[in-house]
Amino acid sequence: MFDKDIFSLEARPDGIYLSCYDRDFKENDVYAYLKEYGIVRYDFKAVRKFLKDGETCKICARNPAFEKDAKILVTLAKDKMTASVAIEPPFFAKPWPTEEQVMKSLEAHGVKVGIKENAVRSLLARKIANEPAIVAEGIKPVEGKDAFIELIKDPDKPFEVRDDEKIDFWSRSTIVTVHPGQEIAVKHPLENGKNGIDVTGVVVKAKPVKNVEFSFGEGLKRDDENRLLLIATAEGQLKNDKGRLLILPELDIHKDIDFGVGSIDFTGAVKIHGSVREGFHVVAQGNIEIFGPVEGADIDSQGVVIVHGGVRGMGKGTLRANGDVSLNFADQATIRSGGTILAKNAILHSHLYAQRAVMALGMGKKSQIAGGKIEAGLEVSCNILGSEMGTKTEVVVGLPPEMLEKRKVFTTEIKRCEENLERVEPNLALLKKLEAAGQLNDKKRAIMMSLTKMKFQLQAARDSMQTELNALLEQLELVKDKGIVRVKDTCYGGVVISIRGLSHIVHEPCKFTSFIADDEKRAIVLVPYDYMGGRLGG
């Protein structure tokens, strides 16, 4: 910005003269100075001479036609939210506009709202020429906000992994499960906007806002206390059905359980129309039904498990069920059932345990048990047991060793609790007598409180273990005098059979045979396949 004070203009009868008090200026400074003071027609050669020698010189003749007054230019923005004023400067000897003149010019252009008087005064005081300055501003509308639903639990949100996070891709799951009382979504209510007004006084309306409501089905409801909150009322899988949230008590998956779906840990029943791949797990509180094969995966159900495609354990995963297990076949599998294991075809080189029975009684020779170890509380039945190659196959029926070990542990622990209670109660009784006589000091009072706490803990532990022991004794009672191994077709050599602690090694093949324990002979004896004694429940 150049120093305007180094120049001066003088109006003489014969013309306009330009002078300077300092030679420290540039050519463009002279042109800018002349323009600012309204001198737009001048003798170019005279100005060039002035630039050369700095001497006062006449730059133009006097001409009333060019000695114009200042001009006030008012401009409104397209949206009329601002108004600007630019001053075309007067001839240097004529006055600049007054504040009143500017105000009248704004009024003539319809500007009547948001006029900034300080901006007008500054524009005039600084004599800013030909540069628009905003001197009025309207009030912009304040836009409102649409209502929206925020999903606290989003069934469609992809699994997120931080850059620095290590993740077990076999254990993760893309299935979103929820529990009663869990917060699922929250509604953010709409916020109405505020209208504005432009500089001409016209109201500028804020955009209308939209409302939205929860869309939900079974298993969900609005919270009684906070109506903007959506909560679960049931356990199950959270699903988004075309924008409508609902909870499914049964999980129905039409894919393989692999990296695309992830492992399953579900509160209800699970139905899988594909296979379960190696390394993944399916855990359910309800029944599990799998239409494809299970390949080296872990399956765990509080109910029944049905595997239409069979189990290829590959020596890795384990299948567990509190109830029955039904499968097509088992190969190198580990299976545990609280009921009966039923295989339509072969059970090969597997370890199976069932509290009641293991059966492989499908059609033809494929219903074979060969290799591995089969344990059952009451019965093992199959078409073929062992193989022509003499594959070592172990079958155990009767009192399961695990149950006997549990009985021993419970009995020992219950006895220990009783003995500790016998030591605690006399001491506690003595301290209570001292308390009643007012002879209990702080130290003895602390001992009494500690012994009281110990007594309650011992009683709770004893009662809990006694309950479990009673249930175990009921199970043992069911199998104590039972146990049978039935082979409808052929039992080959190499099979080792144990029934209620008695053992028998099969050396020669035998057909249509059952094996039972003879308590009088203390040996396992062979009877016909359709022998009715020792049968399941008999």
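How many helices and strands does the secondary structure of the protein chain come to? The answer is six helices and 39 strands, where helices (H or I, at least four residues) and strands (E, at least two) are DSSP runs numbered from the N terminus. This is a predicted model, in which local features need pLDDT of at least 70 and side-chain atom pairs count only at pLDDT 80 or more, while totals for chains, interfaces and linings use all residues. Residues are numbered from 1 along each chain as its sequence is written, and side-chain values use heavy atoms, with hydrogens and water left out.

**Figure 1. Overall dimensions of the protein chain.** Along the principal axes, the C-alpha atoms fill a box of roughly 155 × 80 × 45 Å. The radius of gyration is 49 Å, against a value near 24 Å for a compact globule of 538 residues; it is taken over C-alpha atoms, and the globule rule is 2.2 Å times the number of residues to the power 0.38. Of the 538 residues, 41% count as buried. Buried means under 20% relative accessible area, exposed over 50%, and partly exposed in between (1.4 Å probe, protein chains only).

**Figure 2. Two nonpolar cores.** A nonpolar core is a set of buried Ala, Val, Leu, Ile, Met, Phe, Trp, Tyr and Cys residues joined through side-chain atoms within 4.5 Å. The largest has 55 residues, of which Ile264, Leu385, Ile497 and Phe515 touch the most other members. Another core, of 20 residues, lies apart from it and includes Val30, Leu34, Val47 and Ile59.

**Figure 3. Met403 in helix H5.** Helix H5 spans residues 401-436. Met403 counts as buried because its relative accessibility is 9%. Residues up to four places away in sequence aside, Met403 touches Tyr353, Leu472, Gln475 and Leu476; contact means heavy atoms within 4.5 Å. Gln459 is 56 residues from Met403 along the chain, and their C-alpha atoms are separated by 24 Å.

**Figure 4. Leu458 in helix H6.** Helix H6 covers residues 442-479. Leu458 has 11% relative accessibility and therefore counts as buried. Its contacts, leaving aside neighbours within four places in sequence, are with Cys417, Asn420, Leu421 and Val424. Cys417 is itself buried, at 1% relative accessibility. Between the C-alpha atoms of Leu458 and Lys112 the separation is 88 Å, with their positions 346 residues apart along the chain.

**Figure 5. Ser263 in a loop.** The loop runs between strand E16 (250-253) and strand E17 (264-266). Ser263 counts as buried, at 0% relative accessibility. A polar atom of the Ser263 side chain lies 3.1 Å from the backbone nitrogen of His281.

**Figure 6. Cys57 and its closest cysteine sulfur, in Cys20.** The two sulfurs are 9.2 Å apart, too far for a bond. A disulfide is a pair of cysteine sulfur atoms within 2.5 Å, and by this rule the count is zero. Cys57 is buried, with a relative accessible area of 11%.

**Figure 7. Positive phi at His349 and Phe512.** Most residues other than glycine have a negative phi. His349, in strand E30 (residues 347-354), has a positive phi of about 50 degrees. Phe512, in strand E38 (residues 510-518), has a phi near 45 degrees. His349 is partly exposed, with a relative accessible area of 47%, and Phe512 is partly exposed at 40%.

Technical notes: A polar contact is a pair of N or O atoms within 3.5 Å; within protein, one must be able to donate a hydrogen and the other to accept it, and residues adjacent in sequence count only if both atoms are side-chain atoms.
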